[in-house]
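Q: Please take a close look at a single part of the fold shown here, namely one strand and its pairing, and then set it beside the side-chain contacts found elsewhere. I would like a connected account rather than a list.

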Amino acid sequence: MSGSDNSYSNSFGSQMSATATFGSAPQPAAGGGHIRDTTTATFTKDVIEESRNQPVLVDFWAPWCGPCKQLTPVLEKVVNEAQGRVKLVKMNIDDHPSIAGQLGIQSIPAVIAFVGGRPADGFMGAVPESQIRQFIDRIAGPAGADQAAEIEAVLEEAAGLLAAGDVNGAAQLYGAVMQADPENAKAIAGMAQCLIAANQHQRARETLTDLPDELAKDAGIQAVITKLDQIEEARKLGDPIALEHDLALDPDNHDARMKLAKILNVEGKRDEAAEHLLHIMRKDRTFDDDGARRQLLQFFEVWGFKDPATLSARRKLSAMLFS
């Protein structure tokens with residue numbers, strides 16, 4: 001599924017608007033919003049205090065310094081591309097020599113990183129762009145680490161909203177993640193779950209179609225595909241009221257009980273569905289070549305390991321198998 005094929009990233013029904021952004025840092029303003037000059041008088045505010053919020057790189061330079069003229073544009077480029085992971089503060093040591101003297105800087109260009117109000121690391125000389133990037137990664141963490149953590153938090157919130165029945169709220173968050181990370185398996189599976197909850201099964205199926213091979217093999221996506229298969233199968237199994245009537249006349253009608261269990265599952269009545277399958281197992285393990293157990297395990301796969309219905313039925317299954 002390509003980004004252009006993702007019809008769910010911008011709307012869910014007529015109510016979804018996925019406008020969330022990831023990475024709380026603002027985008028660089030014109031002229032370098034993450035870059036400023038400082039003086040002796042403003043050094044404490046610009047560097048010491050600001051470094052308690054995020055790492056601050058201080059570039060000690062002078063107008064007559066040739067290597068400084070080489071380093072500065074490359075340093076500014078990398079800092080701007082870091083999009084707020086660090087800030088750059090430049091200090092002209094000809095105009096403001098005292099801070100450099102206190103730090104023992106004897107040659108320039110010199111870049112000192114301040115973290116938590118204190119000098120943490122640094123380098124001297126006009127180093128290559130690649131080394132500047134490595135330096136920033138060492139100080140601020142690898143690029144994308146903050147975004148990955150934020151995406152995971154959004155996915156957790158979306159799952160909570162879906163479980164609580166807020167389908168549109170969950171879809172907004174899943175859609176926002178899909179915009180930021182189009183091949184995020186949890187977001188794709190979550191969006192499909194939202195479409196299922198909204199009774200849009202065909203759109204859910206389309207969401208999971210034509211995915212890259214590795215993505216298509218994801219366990220979460222496979223579980224949603226299985227759920228869709230179960231829904232389609234349940235539609236062909238008949239009227240649940242009629243099946244309950246058949247069971248009232250003949251409690252050992254395992255075929256009717258199996259069909260009813262499948263219907264109850266897609267209706268969300270997981271505990272009842274599990275009980276019917278466990279009943280068949282107690283009565284006749286040979287029915288459908290132990291089909292009740294195999295069906296129950298398939299339910300577990302879709303429900304998830306931590307689902308209360310899974311935990312309850314798994315305990316009963318274990319007691320039955322190993323008692």
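A: Two strands count as paired if DSSP finds at least two bridges between them. The model examined here is predicted, and the part chosen is strand 4, which spans residues 110–115. By the pairing criterion, strand 4 is joined to strand 5 (residues 118–124) by six bridges, and the two run antiparallel. Within this pairing, Phe114 has Pro119 of strand 5 as its bridge partner. The hairpin formed by strand 4 and strand 5 has two residues between the strands, and Gly116 in this hairpin takes a positive phi near 65 degrees.

Strand 4 also pairs with strand 2 (residues 56–61), to which it is joined by five bridges, again in an antiparallel arrangement. Here Phe60 stands opposite Ala110 of strand 4. As for the surroundings, a residue is called buried when its relative accessible area is under 20%. Five of the six residues of strand 4 are buried, so this strand is largely enclosed by the rest of the structure. In a regular strand, side chains alternate between the two faces of the sheet.

Turning from the strand to the charged side chains, the structure holds 20 salt bridges. One of them joins Asp137 and Arg85, with 2.8 Å from N to O. This pair links distant parts of the chain, since Asp137 belongs to helix 4 (residues 129–140) while Arg85 sits in the loop between helix 2 (66–81) and strand 3 (87–92), 52 residues apart. Asp137 counts as partly exposed because its relative accessibility is 33%.

Another salt bridge is formed by Glu152 and Lys186, whose closest N and O atoms are 2.7 Å apart. Glu152 is in helix 5 (residues 145–163) and Lys186 in helix 7 (residues 185–197), so the contact ties together parts that are 34 residues apart in sequence. With a relative accessibility of 37%, Glu152 counts as partly exposed, whereas Lys186, at 51%, counts as exposed.

A further salt bridge brings together the side chains of Arg205 and Asp229, at 3.0 Å from N to O. Because Arg205 lies in helix 8 (residues 201–207) and Asp229 in helix 10 (residues 219–234), this pair ties together parts that are 24 residues apart in sequence. Asp229, at 38% relative accessibility, counts as partly exposed. Finally, Lys77, Glu81, Glu129 and Arg133 are joined into one network by salt bridges that share partners.

Definitions and conventions: Residues numbered from 1 in each chain as written. Predicted model: local features only at pLDDT ≥ 70, side-chain atom pairs only at ≥ 80, totals over all residues. Heavy atoms only, no water. Buried < 20%, exposed > 50% of the residue type's maximum accessible area, 1.4 Å probe, protein only. Helix = DSSP H or I, 4+ residues; strand = E, 2+ residues; numbered from the N terminus. Salt bridge = Lys/Arg side-chain N within 4 Å of Asp/Glu carboxyl O.
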